[in-house]
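Let's take a walk through this protein chain, one piece at a time. Keep the 3D view open and turn it as you read.

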Amino acid sequence: MSDGTRTPESRTAQKIVWRRLRETLRPQPTWTQLIVGLLCLLLGVSIAAQVRQTDDSLDGASQQELVRLLDESGRHSADLEVEVAELDRTLEALRSGQEDDVAARNAAEERLATLEIVAGTTPAHGRGIVVSIADPDGGVRSSTLLGVIQELRNAGAEVIQIDDVRVVASSSVTTAADGRLMVDGAAVAAPYTIRAIGDPEVMEPALRIPGGAADSVAGDGGTLAVAVEQEVQIEATAELEEPVHSQVVK
């Protein structure tokens with residue numbers, strides 16, 4: 001039984017088979033391979049020529065020229081170091097300026113917040129007291145209520161509110177024609193509730209000084225009670241009027 005392989009019978013046929021095999025295994029160079037090979041050859045020749053030229057230029061240089069080249073290289077390096085140092089100083093100055101700007105902006109924002117609280121144009125909160133003045137007979141006078149406010153201010157109250165009216169530096173306490181008390185033109189009803197933000201350990205005793213605010217209220221037929229609170233909310237705000245005749249001194 002044959003395995004499918006044929007063996008040339010004559011010697012001539014064997015030679016023909018071997019020739020075909022050599023032609024098949026022989027490398028078949030393409031135009032692309034030839035071009036790449038030529039470019040690699042030219043690149044190698046060019047590199048070799050450049051290296052030789054450099055070596056020749058340094059080999060042929062005198063000692064003075066070599067010293068001059070070394071000196072120029074050193075000066076160039078020193079110039080670069082100076083430039084780097086200047087850039088570092090510039091960068092540091094820019095960073096410092098930015099920090100100063102941020103600090104100034106934060107300080108201005110904090111100052112603005114303080115002025116808004118003092119002027120009464122923004123709500124505030126903090127430790128303080130809540131004063132309740134009962135006036136069953138309607139005998140508490142406007143001057144008595146104003147005395148309570150002044151006593152709180154003297155004791156360091158930072159923010160004061162009576163009922164729903166924010167008390168500021170220009171606030172007034174008056175008596176309406178019907179006998180009701182008015183704060184900045186708004187009627188307030190008894191019991192009068194006064195919220196004050198400040199040190200409660202100072203404000204509360206200040207109201208109870210003999211002959212002070214509490215005694216004045218009692219003299220008008222009312223009673224004054226004080227509650228110390230860790231968180232007093234002042235929600236009322238005041239509307240500021242634009243100055244007509246005054247200007248800021250610059």
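## Two partners for E1

Strands E1 and E8 pair up in the antiparallel sense, with 10 bridges between them. To find one of these bridges, look for isoleucine 133, whose partner in E8 is leucine 224. Keep in mind that you're looking at a predicted model.

E1 also pairs with E7, again antiparallel, this time over six bridges. Here you can spot valine 131 standing opposite isoleucine 194 in E7. What holds paired strands together in general? Strands of a sheet pair through backbone hydrogen bonds, either parallel or antiparallel.

## The whole sheet

Now zoom out a bit. In which order do the five strands of the open sheet sit? The order is E3-E2-E7-E1-E8, and the pairing is antiparallel. The edges belong to E3 (165-167) and E8 (223-234), and each of these has just a single partner strand, so one side of each is left without a neighbour in the sheet. Going from one strand to the next, the twist averages 25 degrees.

Over at the E3 edge, E2 (residues 159-162) pairs with E3 in the antiparallel sense through three bridges. One pair to look for is isoleucine 160, which stands opposite valine 167 in E3.

There's a helix to find here too. Helix H5 (residues 200-207) lies across three strands, namely E1 (124-134), E7 (192-197) and E8, and runs at about 15 degrees to E1.

## Inside the cores

How many residues does the largest nonpolar core have? It has 29, and those with the most contacts inside it are Ile133, Val148, Leu152, Ile194, Leu207 and Leu224. Helix H4 (residues 142-154) gives the largest share of this core, with four residues. Apart from this core lies another one, of five residues, including Ala124, Ile197, Val232 and Ile234.

Remember leucine 224, the bridge partner of isoleucine 133? If you skip residues up to four places away in sequence, leucine 224 touches Val131, Ser132, Ile133, Val148, Leu207, Arg208, Ala214 and Val217.

## Glutamine 161 and its surroundings

Next, click on glutamine 161, which sits in strand E2. Is glutamine 161 buried or exposed? Its relative accessible area is 5%, and buried means under 20%, so glutamine 161 counts as buried.

The side chain of glutamine 161 has some polar company. It reaches the backbone oxygen of aspartate 163 at 2.7 Å, and the backbone nitrogen of glutamate 235 at 3.3 Å. Leaving aside neighbours within four places in sequence, glutamine 161 is in contact with Val167, Thr193, Ile194, Arg195, Ile234, Glu235 and Ala236.

## Unusual backbone spots

Aspartate 163 turns up again for another reason. Its phi is near 50 degrees, a positive value in a residue other than glycine. You'll find aspartate 163 in the loop between E2 and E3. Its relative accessible area is 19%, and the cut-off for buried is under 20%, so aspartate 163 still counts as buried.

Aspartate 184 isn't a glycine either, yet it has a positive phi of about 55 degrees. Its place is in the loop between strand E5 (181-183) and E6. How does aspartate 184 score for accessibility? At 38%, it falls between the 20% limit for buried and the 50% limit for exposed, so aspartate 184 is partly exposed.

One more spot deserves a look. Alanine 190 and proline 191 are joined by a cis peptide bond, with omega at about -5 degrees. Proline 191 lies in the loop between strand E6 (186-188) and E7.

## The chain as a whole

Time to step back. The chain has six helices and eight strands. Starting at the N terminus, its elements run α-α-α-β-α-β-β-β-β-β-β-α-α-β.

How many residues are in the chain, and what share of them is buried? The chain has 250 residues, of which 22% are buried. The accessible surface of the chain comes to about 18400 Å², with 55% of that belonging to carbon and sulfur atoms. Finally, take the contacts in the chain between residues at least 6 apart in sequence: 74% of these join residues at least 24 apart.

Notes. Residues numbered from 1 in each chain as written. Predicted model: local features only at pLDDT ≥ 70, side-chain atom pairs only at ≥ 80, totals over all residues. Heavy atoms only, no water. Pairing = 2+ DSSP bridges. Helix = DSSP H or I, 4+ residues; strand = E, 2+ residues; numbered from the N terminus. Axes fitted to C-alpha atoms, helices over the stretch in contact; angles between N-to-C directions. Contact = heavy atoms within 4.5 Å. Buried < 20%, exposed > 50% of the residue type's maximum accessible area, 1.4 Å probe, protein only. Polar contact = N/O pair within 3.5 Å; in protein donor to acceptor, adjacent residues only side chain to side chain. Core = buried A, V, L, I, M, F, W, Y, C linked by side-chain atoms within 4.5 Å. Areas by Shrake-Rupley, 256 points an atom, 1.4 Å probe, with all protein chains shown as cover.
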